[in-house]
Amino acid sequence: MLESRRLSKLKLVRIGRPVSRVDLQALAARIGEAFPGQLDSIQTVDYEPPKIDRIEADLLTQALDQEVGGHILGITDVDLLDRGAGEFFKGMFGCKDNRNDVAVVSTRRIASPDPGRSIARLLKVGLHELGHNFGLVHHYSLQPASDGGYCVMAKDDYNRHGERSYKRSVIDARGFRFCDACRTVLRLTRAR
Ligand SMILES: [Zn+2]
Ligand SMILES: [Zn+2]
């Protein structure tokens, strides 16, 4: 099947209750706005997770791939861990599994006392991981997009910032749109 066909139907999977049903529907609408022409439908799905506090991100993406299937963005409040290069597990905001079409984001490390900011961060990290599903890569030049914020795919050296500063300087500075270069790639994906 053509890649664009495979990716055109998104399942937004709520794992447990990290956001309300109203917020889930609002996220679905805003994801649709960020991918004009790429997503034909966005279906919201509830998924009951195992009762755990943290999980290796790969295990969660594989479970979603096998038990739900398709093009998925999963939202969880469980802490997502990356085994990384060494023996230490590192917490992540979100990730995409290259072996399938599953991306996940966690509210755990992006939560803010301001609920609006929490939702905005969730959407920005979710759009970023979905961008990877469509073949987009990071850029470190922090290009602005049409809404004035940095492109969703903008990234900076995490180790230079640390978690707290990264959230404020990079994630909060992103907008909700892709820059012209990324949009060109998205259009080519659709046309393939
Ligand atoms: Zn990324
Ligand atoms: Zn971009």
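Let me begin with a term: a donor is an N, O or S atom within 2.8 Å of the metal (3.2 Å for Na, K and Ca), and because water is not among the atoms, sites may look incomplete. What we have here is a predicted model, in which local features need pLDDT of at least 70 and side-chain atom pairs count only at pLDDT 80 or more, while totals for chains, interfaces and linings use all residues. Residues are numbered from 1 along each chain as its sequence is written, chains are lettered from A and ligands numbered from 1 in written order, and side-chain values use heavy atoms, without hydrogens or water.

Now to the zinc ion (ligand 2), whose donor residues follow the spacing H-x11-C-x27-C-x2-C in sequence. They are His139 (NE2), Cys151 (SG), Cys179 (SG) and Cys182 (SG), at 2.2 to 2.3 Å. Cys151 sits in the loop between α4 (115–133) and α5 (158–161) and Cys182 in helix α7 (residues 180–191), so this pair ties together parts 31 residues apart in sequence; helices (H or I, at least four residues) and strands (E, at least two) are DSSP runs, numbered from the N terminus. Both Cys151 and Cys182 are buried, meaning under 20% relative accessible area, with exposed being over 50% and partly exposed in between (1.4 Å probe, protein chains only).

Turning to Ile31, and setting aside neighbours within four places in sequence, we find this residue in contact (heavy atoms within 4.5 Å) with Leu10, Leu12, Leu39, Ile42, Leu73, Leu123, Leu127 and Leu130.
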